[in-house]
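Grab a pencil and work through these short exercises with the model open beside you. Each one sets a task and then walks through a solution.

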Amino acid sequence: MTLSIGAVCSASTDSLKESGLKRGFDILFSSLALALSAPLWLIAGVAIKHEDGGPILYQQRRWGKDKRQIKVYKFRTMIVDADKKFGRVQAQENDPRVTRIGKWLRATSLDEIPQILNIWRGEMSWVGPRALPMNEGQINEGTSYLPDEMIPGFDVRCKVKPGLTGLAQIYAPRDVPRRHKFKYDLIYIRNQSFWLDLKLIAVSFWITFRGRWEHRGRKF
């Protein structure tokens, strides 16, 4: 699946609109997932609380569709007050901030389960560009800080709802700069379809089953 970035950026507004089928699937599948994942909420909550006694959930402000801010919750995977102690910086391999239970949650992506609520509310979709933490510090872009809006491709990726999984989440190497990940997002936007979404969801479940979401090379 190859496509020039220029072709993606010239895509019409109509091609970026979410289909009724996509939203219907999001509602149905998120409702089912919330019901079926109830035991995982309990297991994760007990494990996190047992490890260090800190909060179970972690709250972030992230970019939504049309650059709206959305509030996203995750199961906490880092030490208490990690942002205050280390700043809001992208996680890296063998990150000392990550707790023992956090390593497992991140490897399986089960820390993202609370975001199913964002899908159910219509703020996110199952598939789309990652819901990007707002202006998070990067570990792979040199010393000069650039806000997200300065990165090529950011405006176009914000024309669709962010997704729990997507082309960039699956195929982009874990620690590449934002501009490279955004290229995957733009390819998805230009080629999105219901069947592509189903394929990406299926691959995502396989990666979760194998616990390879934090793998720095090929995930599957």
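Start with Met134, which counts as buried at 12% relative accessibility (buried means under 20% relative accessible area, exposed over 50%, partly exposed in between, with a 1.4 Å probe and protein chains only). Keep in mind that this is a predicted model, where local features need pLDDT of at least 70, side-chain atom pairs count only at pLDDT 80 or more, and totals for chains, interfaces and linings use all residues. Residues are numbered from 1 along each chain as its sequence is written, and side-chain values use heavy atoms, with hydrogens and water left out.

**Exercise 1. Place Met134 and list what it touches.**

Step 1: find the segment. Met134 sits in the loop between strand E3 (125-127) and H7; helices (H or I, at least four residues) and strands (E, at least two) are DSSP runs, numbered from the N terminus.

Step 2: collect the contacts, meaning heavy atoms within 4.5 Å. Skip residues up to four places away in sequence, and Met134 touches Arg61, Arg62, Trp63, Gln69, Arg88 and Asp148.

Step 3: check a distance. Between the C-alpha atoms of Met134 and Phe182 there are 15 Å, with 48 residues separating the two along the chain.

**Exercise 2. Work out what kind of aromatic pair Trp63 and Phe154 form, and what it ties together.**

Step 1: recall the rule. Rings of Phe, Tyr and Trp (its six-membered ring) pair if their centres lie within 6.5 Å; planes under 30 degrees apart count as stacked, over 60 as edge-to-face and the rest as tilted. The count by this rule is 10 aromatic pairs.

Step 2: apply it. Trp63 and Phe154 are 5.1 Å apart centre to centre with 75° between the planes, an edge-to-face pair.

Step 3: look at the sequence. Trp63 belongs to strand E1 (residues 57-63) and Phe154 to helix H7 (residues 154-157), so the pair links parts that are 91 residues apart in sequence.

Step 4: add burial. Trp63 is buried at 7% relative accessible area, and Phe154 is buried too, at 0%.

**Exercise 3. Classify the ring pair Trp206 and Phe209.**

Step 1: the ring centres of Trp206 and Phe209 are 5.8 Å apart with planes at 20°, so this pair is stacked.

Step 2: both residues lie in helix H10 (residues 194-210), three residues apart, or about one turn of the helix.

Step 3: on accessibility, Trp206 is partly exposed at 45%, while Phe209 is exposed at 67%.

**Exercise 4. Compare the settings of Thr165 and Arg157.**

Step 1: Thr165 lies in strand E4 (residues 163-165) and is buried at 6% relative accessibility.

Step 2: leave out neighbours within four places in sequence, and Thr165 has contacts that include Trp126, Ile170, Leu200 and Trp213.

Step 3: Arg157 lies in helix H7 and is buried at 4% relative accessibility. With neighbours within four places left out again, Arg157 is in contact with residues including Pro129, Arg130, Phe182 and Asp185.

**Exercise 5. Sort the lining of the second largest pocket by residue class.**

Step 1: the lining is made up of Ala91, Gln92, Glu93, Asn94, Asp95, Val98, Lys103, Arg106, Glu214 and Arg216. On a 1 Å grid over the protein atoms alone, a pocket is an open set of points where a 1.4 Å probe fits, with protein on both sides within 12 Å along at least five of seven lines; lining residues have an atom within 4 Å of a point.

Step 2: sort them. Ala, Val, Leu, Ile, Met, Phe, Trp, Tyr, Cys and Pro count as nonpolar, Asp, Glu, Lys and Arg as charged, and the others, Gly among them, as polar. That gives two nonpolar, two polar and six charged residues.
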